[in-house]
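I sat down with this one to look up a few things for my own notes. The entries are in the order I took them.

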Amino acid sequence: MKELKMKIKDFLTSHGDKIKEFLKIFTVVFALNLFLLSFVNLITNGTETDVFYGGDTPRVLQDMTMQEGLHYRTSVHPLFVFLTQPFVRILGRVTGVIVAAVIFEAAVGALSATLFYRLMQKLGASKKTGLLATVILVLSFTQVSFNSIFETYVFSQFGLMVMWVIAAGLIDKKLELKDYALLVIAGIFSLAFTLTNIVQFLILLSIIIFLNKNVKCKFIKFSSILLVVL
């Protein structure tokens, strides 16, 4: 137990500045998303079908909050209900389900922005470039639009951010068993919220496997990872 505490302390000491950076970005974007979602959804009570640019907010809200419901969109968003509803329903016992859905989606959107900043760092961008790119992302029309309503886009983006952050550390690396496990996790996250994201995962997997000189039996490993993900 003492050894674990020492490791945690050492990690916090050596990564303290980065953690503070990430928390600052998360807090600012979370506050913005919370305002946008509250402004649009709490006013309409999340019940208007065409509240903003054709967004199907009631269906998404139902998937996030109702255990028994017509969750027919799982054919396109395979794990959306499974990965969102438990958090929203538990938080909803304290705040009410609509407020819980607002808080949860705002947090996921903020995590996406934070992961994007982390991706910029992994790609070798300077702190200023990374922050500028993150600000442009957060204030882009698409982000503002879809962070204002209950939408699967925010979660789909989060899944892709997780995938690319994992992948950025595996390019041209001599892959070990844990790395293949990370690729499986990346693939699951890519498909979890939007099935068509498999295209990006296939591109990523091809880069990491087929363009990596350190990987042998490329086709077998590529096929095996894809099979496990599916």
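What follows is my notes on cores, salt bridges, two loop residues and one threonine, all from a predicted model.

**Entry 1: the main core**

I began with the nonpolar packing. The largest nonpolar core holds 41 residues, and Leu183, Ile209 and Ile225 have the most contacts inside it. I then checked which elements give two or more residues to this core: they are helices H3 (57-65), H4 (80-95), H5 (97-122), H8 (153-168), H9 (177-192), H10 (198-210) and H11 (218-229). H8 supplies the largest share of this core, at eight residues.

I picked Ile225 for a closer look. Which residues does Ile225 touch, not counting those up to four places away in sequence? I got Tyr180, Leu183, Val184, Phe201, Leu205 and Ile209. Two of the names on that list, Leu183 and Ile209, are also among the residues with the most contacts inside the core.

Apart from the main core I found another one, made of six residues, including Ile25, Ala110, Tyr117 and Val138.

**Entry 2: salt bridges**

How many salt bridges are there? The count came to three, and I went through them one by one.

Glu21 pairs with Lys127, with the closest N and O atoms 3.2 Å apart. Glu21 sits in helix H2 (residues 16-44) and Lys127 in helix H6 (residues 127-139), so this pair ties together parts that are 106 residues apart in sequence. I also looked up how covered the acid is: Glu21 has 18% relative accessibility, so I wrote it down as buried. The cut-off for that word is under 20%.

Next came Asp63 with Arg59, where the closest N and O atoms are 3.7 Å apart. Both residues belong to helix H3, four residues apart, or about one turn of the helix. Are they buried or exposed? Asp63 is buried, and Arg59 is buried as well.

For the Lys173 and Asp179 salt bridge I noted 3.1 Å between the closest N and O atoms. The two ends are not covered alike, as I saw from their accessibilities. Lys173 comes out at 29% relative accessibility and therefore counts as partly exposed, while Asp179, at 2%, counts as buried.

**Entry 3: positive phi**

I looked at two residues other than glycine that have a positive phi. Asp172 has a phi near 65°. I placed Asp172 in the loop between H8 and H9. Its relative accessible area is 54%, so Asp172 goes down as exposed.

Cys217 has a phi near 50°. Where is Cys217? I found it in the loop between H10 and H11. Cys217 has 53% relative accessibility, so I marked it exposed too.

**Entry 4: Thr65**

I finished on a threonine. Thr65 lies in helix H3, and with a relative accessible area of 10% it is buried. What does its side chain reach? I traced the Thr65 side chain to the backbone oxygen of Leu61, at 2.6 Å. Leaving aside neighbours within four places in sequence, I listed Gln85, Val88, Arg89 and Val97 as the contacts of Thr65.

Definitions and conventions: Residues numbered from 1 in each chain as written. Predicted model: local features only at pLDDT ≥ 70, side-chain atom pairs only at ≥ 80, totals over all residues. Heavy atoms only, no water. Core = buried A, V, L, I, M, F, W, Y, C linked by side-chain atoms within 4.5 Å. Buried < 20%, exposed > 50% of the residue type's maximum accessible area, 1.4 Å probe, protein only. Contact = heavy atoms within 4.5 Å. Salt bridge = Lys/Arg side-chain N within 4 Å of Asp/Glu carboxyl O. Polar contact = N/O pair within 3.5 Å; in protein donor to acceptor, adjacent residues only side chain to side chain.
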